[in-house]
Amino acid sequence: MAAGGGTFSALLRRCRRCAVLLPLQTSPTAGWMPSLGRFICSSNPLQKKSMAATFHVNYTEEFIKQQIEEFNIGKRHLANMMGEDPETISQGDIDRSIRYLFPSGLFEKKARPIMKHPLEVFPKQRAVQWGEDGRPFNFLFYTGKQSYYSLMHDTYDQFLNIQIYEDKLREKGLFSLDTKPVNLVGSRWLTKEELAEMLVEQISDYDYMHFLQLLERMLTLPYCSIKEEYVLKFRRKMEDQSKKQKVEPLQLDENGIAFCKGEGRRKTAKASVTIRDQGNGKITVNGMDYLLYFPSLQEREQLMFPFQFLNRLGMHDMDCTVQAGGVSAQAGAIRLATSRALLSFVTEREVEPMRQAGLLTPDPRVRERKKPGQEGARRKFTWKKR
Amino acid sequence: MENQGGASVGPTTAVVEEIIRKCKKDLQLVVTQNIKVLPGLGFVTRSILASNLQLKGRLYGLAAGIRPVVQEPPTPEKDRVLSDSLKHPDFFHVSELFTLKDLFDARVHHGHKRGCRHRLMEPYLFGCRLEQDIIDLDQSVLHLQKALNFTAHCAYRKGIILFISRARQFSHLIETTAQESGEYAHTRYWQGGLLTNAHVQYGTGVRLPDLIVFINTLNNVFEQHVVVRDAAKMNIPTVGIVDSNCNPSLITYPIPGNDDTPSAVKLYCKLFKMTILRAKDKIRQMDLLYGHQKELPEPST
């Protein structure tokens with residue numbers, strides 16, 4: 001009877017349109033109660049919840065906190081058991097101890113016993129978006145993409161504020177077109193992935209495009225500088241590519257002449273180069289003079305290019321060794337090695353033009369393999385109609 | 001032996017509905033009809049229908065003019081707060097918020113051209129001047145009063161109100177209105193299953209809106225907005241501004257009026273915001289009133 005009463009009150013709670021309350025002694029059957037007349041129990045269609053969705057467990061914050069406490073206490077117990085120091089036990093020690101205490105022969109590594117921090121074990125879930133009474137927190141919740149649309153709303157707010165400011169200036173007669181623009185040099189718009197990370201939501205390409213278009217429109221207004229910090233929130237600094245170059249320090253040999261080594265590769269050819277200061281433009285390749293080693297002008301131009309670019313044509317002596325590869329490949333390898341070596345002789349300001357000229361970029365092109373069923377890497381056999 | 005169940009809930013409701021359909025002009029009837037639809041009002045319906053069931057035999061006059069002597073059982077304070085609001089035809093005094101002249105000044109009477117006219121909007125039109133339809137503001141005033149009254153009742157019962165519009169000109173204004181009145185808005189591209197597939201879109205246990213307000217019934221390609229049909233499917237009452245090219249049939253409380261002019265839309269937003277805020281203030285007032293009254297008997301007992 002108690003169980004019957006329990007289910008009956010549960011039934012009543014679900015069926016909001018039940019007409020009259022019955023005394024609890026009657027045994028309920030869903031819908032038909034013969035003694036006191038017909039009472040139709042109808043529930044709101046909105047109340048029906050799909051059964052399939054009930055297995056998605058919601059981990060509440062208190063649950064996670066409790067798990068973290070239990071984990072910390074358990075860690076200390078484990079340390080005591082294994083003879084480790086409870087203060088400085090690491091995850092690796094924990095893993096080893098668990099493997100010792102609970103040896104498992106299971107093949108699937110994920111099925112073996114683990115003891116990890118709860119934040120790594122329980123998947124991160126987006127917090128429930130509505131309160132106890134069911135009302136969502138964000139006023140744009142019903143759009144489906146609340147963070148993105150509230151961002152668009154706020155950005156448009158800023159846009160309108162700039163226009164209102166301009167109108168006020170026009171009223172006073174202080175409006176002028178020569179205003180300080182927002183400084184965008186050295187920064188780029190944040191990428192779609194960065195925006196998605198910021199909003200904790202998935203963004204489509206169109207959404208991203210519309211957002212950037214709105215920001216660009218805002219920047220076209222003459223008085224956009226009043227909202228500069230809002231716009232700069234969505235810009236990221238571009239790193240100086242030239243700063244990534246590793247510059248070897250200059251070394252001094254026994255005669256006091258500065259020299260530097262460099263290495264370079266092109267196709268299969270490998271070159272290693274030593275450049276000496278206070279020279280007169282002598283270049284030796286594999287023990288031979290460069291005029292004899294490279295009879296063709298094209299290869300010799302490749303050797304000269306770094307010096308010509310830096311206006312140091314007659315100032316250095318060069319000694320290189322090169323193996324493998326063909327003629328052009330060896331020349332290209334020596335050129336790259338030379339540029340890298342010259343970095344130590346050159347000031348920081350000249351590194352960026354060198355990088356932009358392509359002197360410091362290794363050429364990634366290598367020979368493509370021949371594929372079966374084709375005559376070459378790309379060339380197909382002659383197509384015969386019949 | 002009293003045959004309490006003789007007038008069973010099923011046929012009685014049907015009789016009530018029929019009477020209501022005939023006498024649609026009485027505001028209280030319309031409110032009573034739509035109470036059944038709102039999920040939050042279950043216990044009020046129960047108390048009203050229960051009180052009606054206690055009358056012997058047939059259900060008397062919910063028709064205009066005849067009010068039954070309803071012996072209400074002593075209700076707790078919470079029920080008093082809600083049932084009091086149903087005793088007056090205009091509990092929130094929404095008719096004081098605007099006049100016909102305000103509507104005229106905001107150009108609410110401007111309709112579209114004769115060629116765009118929808119067949120079902122003809123009863124609401126005053127006439128046609130130089131090929132432009134003029135909407136009858138006398139009818140608009142009545143419809144607007146009913147709609148605002150209903151909105152106020154929804155807000156009073158802490159229902160979720162969702163503003164829908166697809167006019168890009170007024171998107172920001174409507175979102176701001178919704179935000180300031182503490183309700184919700186959707187003025188963006190409508191994804192298919194937001195109402196009909198809510199558990200998948202939002203997650204389990206989501207609460208759907210209890211009222212949907214349309215500032216523009218049509219979408220960007222001049223077709224009826226999907227939400228009109230979806231709300232009817234999901235039993236959600238709708239209030240909507242219907243222009244002379246719109247279909248008013250699926251909307252619970254149509255308001256014939258202009259939906260394209262900025263002045264008209266600003267007026268509507270202002271009116272809706274004022275009603276909702278008024279209704280929410282009223283909740284606080286009534287709570288204070290009945291909370292105060294509840295304190296008084298305690299020292300004596």
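Which residues is B:Phe163 in contact with, leaving aside its neighbours within four places in sequence? In this predicted model, the list runs to B:Ile174, B:Ala178, B:Ser181, B:Glu183, B:Tyr184, B:Ala185, B:His186, B:Val213, B:Ile215, B:Phe272 and B:Ile276. B:Phe163 also turns up, along with B:Tyr156, B:Val239 and B:Phe272, among the residues with the most contacts inside the largest nonpolar core, a set of 46 residues. Plenty of chain B feeds into that core: two or more residues each come from helices H4 (77-84), H6 (137-156), H7 (171-180) and H10 (262-295), and from strands E4, E6 (211-214), E7 (238-242) and E8 (253-256). H10(B) chips in the largest share, twelve residues. A second, separate core of 30 residues includes A:Cys260, A:Ala269, A:Phe294 and A:Ala329.

Stepping back to chain B as a whole, its secondary structure comes to eleven helices and eight strands. Of its 301 residues, 47% are buried. Counting contacts with a separation of 6 or more, 67% link residues 24 or more positions apart. The accessible surface of the chain is about 15,000 Å², and carbon and sulfur atoms hold 55% of that.

How far can the coordinates be trusted? The mean pLDDT of chain B is 81, with 71% of the residues scoring at least 70. Among the elements of this chain, strand E4 (residues 161-164) has the highest mean, 97, while helix H3 (residues 42-53) sits at the other end with the lowest, 41. Residues 1-10 of chain B have a pLDDT below 50, and beyond near neighbours in sequence this stretch makes six contacts in the model. Residues 26-64 of chain B also stay under 50, yet the model gives them 68 contacts beyond four places in sequence. Where pLDDT is low, the predicted coordinates should not be read in detail. For the complex, the predictor reports an ipTM of 0.73 and a pTM of 0.65.

Helix H9 (226-233) of chain B and its surroundings are worth a look. The buried residues of H9(B) are B:Val227, B:Val228, B:Asp230 and B:Ala231, and their cover includes E4, E6 and E7 of chain B. The loops on either side hold some backbone oddities. Most residues other than glycine have a negative phi. B:Phe222, in the loop between E6 and H9 of chain B, goes the other way with a phi near 60 degrees. B:Phe222 counts as exposed because its relative accessibility is 65%, against a cut-off of over 50%. Just after H9(B), B:Asn235 likewise takes a positive phi of about 60 degrees, although B:Asn235 is not a glycine. That residue lies in the loop between H9 and E7 of chain B. With a relative accessible area of 44%, B:Asn235 falls between the limits of 20% and 50%, so it is classed as partly exposed.

Over on chain A, A:Met81, A:Tyr100, A:Leu101 and A:Phe102 make a nonpolar surface patch of about 470 Å². One of these, A:Tyr100, belongs to helix H3 (residues 91-101) of chain A. Patch members need over 30% relative accessible area. A:Tyr100 has 61%, so it also qualifies as exposed.

Key:
Residues are numbered from 1 along each chain as its sequence is written. Chains are lettered from A and ligands numbered from 1 in the order in which they are written. This is a predicted model: local features need pLDDT of at least 70, side-chain atom pairs count only at pLDDT 80 or more; totals for chains, interfaces and linings use all residues. Side-chain values use heavy atoms; hydrogens and water are left out. pLDDT is the predictor's confidence in each residue, from 0 to 100. Helices (H or I, at least four residues) and strands (E, at least two) are DSSP runs, numbered from the N terminus. Contact means heavy atoms within 4.5 Å. Patches are made of residues with over 30% relative accessible area and no salt bridge: like charges are joined within 9 Å, nonpolar side chains (Val, Leu, Ile, Met, Phe, Trp, Tyr) within 5 Å. Accessible areas come from the Shrake-Rupley method with a 1.4 Å probe; for residues, only the protein chains shown count as cover. A salt bridge is a side-chain nitrogen of Lys or Arg within 4 Å of a carboxyl oxygen of Asp or Glu. Buried means under 20% relative accessible area, exposed over 50%, partly exposed in between (1.4 Å probe, protein chains only). A nonpolar core is a set of buried Ala, Val, Leu, Ile, Met, Phe, Trp, Tyr and Cys residues joined through side-chain atoms within 4.5 Å.
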